[in-house]
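Please look over the sequence and the model shown here before reading on. The report below deals with charged side-chain pairs and with one histidine.

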Amino acid sequence: MDTALTTLLPTPTRDQIQRLQEAMTPLQVPLPDPVHHFAPGIYLRELTVPAGMLIVGKRHKTDHFIIVTKGKAEVISEFGRDIVQAGFLALSRAGIKRVALALEDTTFITIHANESDTQDIDLIETKCCLLYTSPSPRD
């Protein structure tokens, strides 16, 4: 993808990103299965996204770390666009909604606090993630 061209495209709003997610839902493209890792007080979620796949991430309730360990992707939020690649490490702020386009097979790892040391993924997601709500209909 020509990154010079993508910098000319407007930055989407959070509502537009949620609408994209809603439009993608009926497509039922199988998503890659995450790999879950646990250590005392810590939960890591590892997701490898194949080249060419577009995914919409979850909004999180708390700040957490994100690492790219393999590949290259364009990540888009209401705050702008970035090309991230293996070696990328950032603090991901709570509440941000992102879209990622894997430019190569890309592995993302997110690191979350897990004070209860639970390995119940549904419970972890309830604690970590904001529920997805459909955007309100437009006239």
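What follows describes a predicted model, taking the salt bridges in turn and then the surroundings of H60.

## Salt bridges in the model

Side chains of opposite charge can pair when their charged atoms come close. Across the whole structure, a search finds 3 salt bridges, and each of them is described below with the exposure of its two partners.

## K58 with E125

In one of these pairs, the side chains of K58 and E125 meet with a nitrogen-to-oxygen distance of 2.7 Å. Because K58 sits in the loop between β3 and β4 while E125 belongs to helix α3 (residues 121–128), the salt bridge ties together parts of the chain that are 67 residues apart in sequence.

K58 has a relative accessible area of 39% and is therefore partly exposed, and E125, with a value of 25%, is likewise classed as partly exposed.

## R93 with D63

A salt bridge also joins the side chains of R93 and D63, again given as 2.7 Å from N to O. This pair links distant parts of the chain, since R93 is in the loop between β7 (89–92) and β8 (98–102), whereas D63 is in the loop between β3 and β4, 30 residues apart.

R93 counts as partly exposed at 47% relative accessibility, and D63 is partly exposed as well, with a relative accessible area of 37%.

## R81 with E74

In the salt bridge between R81 and E74, the closest N and O atoms are 3.6 Å apart, which falls inside the 4 Å limit and so qualifies the pair as a salt bridge.

The two partners fall into separate exposure classes: R81 is partly exposed, with a relative accessible area of 25%, whereas E74 is buried, with a relative accessible area of 3%.

## The surroundings of H60

H60 is found in the loop between β3 (54–56) and β4 (64–70), the loop that also holds K58 and D63. Is H60 buried or exposed? Its relative accessibility is 13%, and because the cut-off for a buried residue is under 20%, H60 counts as buried.

A polar atom of the H60 side chain lies 3.3 Å from the backbone oxygen of K58, so this distance is within the 3.5 Å limit for a polar contact. K58 thus appears twice in this account, through its backbone oxygen beside H60 and through its side chain in the salt bridge with E125. Leaving aside residues up to four places away in sequence, H60 touches A94, G95, H112, C128, C129 and L130.

How values were computed. Residues numbered from 1 in each chain as written. Predicted model: local features only at pLDDT ≥ 70, side-chain atom pairs only at ≥ 80, totals over all residues. Heavy atoms only, no water. Helix = DSSP H or I, 4+ residues; strand = E, 2+ residues; numbered from the N terminus. Buried < 20%, exposed > 50% of the residue type's maximum accessible area, 1.4 Å probe, protein only. Polar contact = N/O pair within 3.5 Å; in protein donor to acceptor, adjacent residues only side chain to side chain. Contact = heavy atoms within 4.5 Å.
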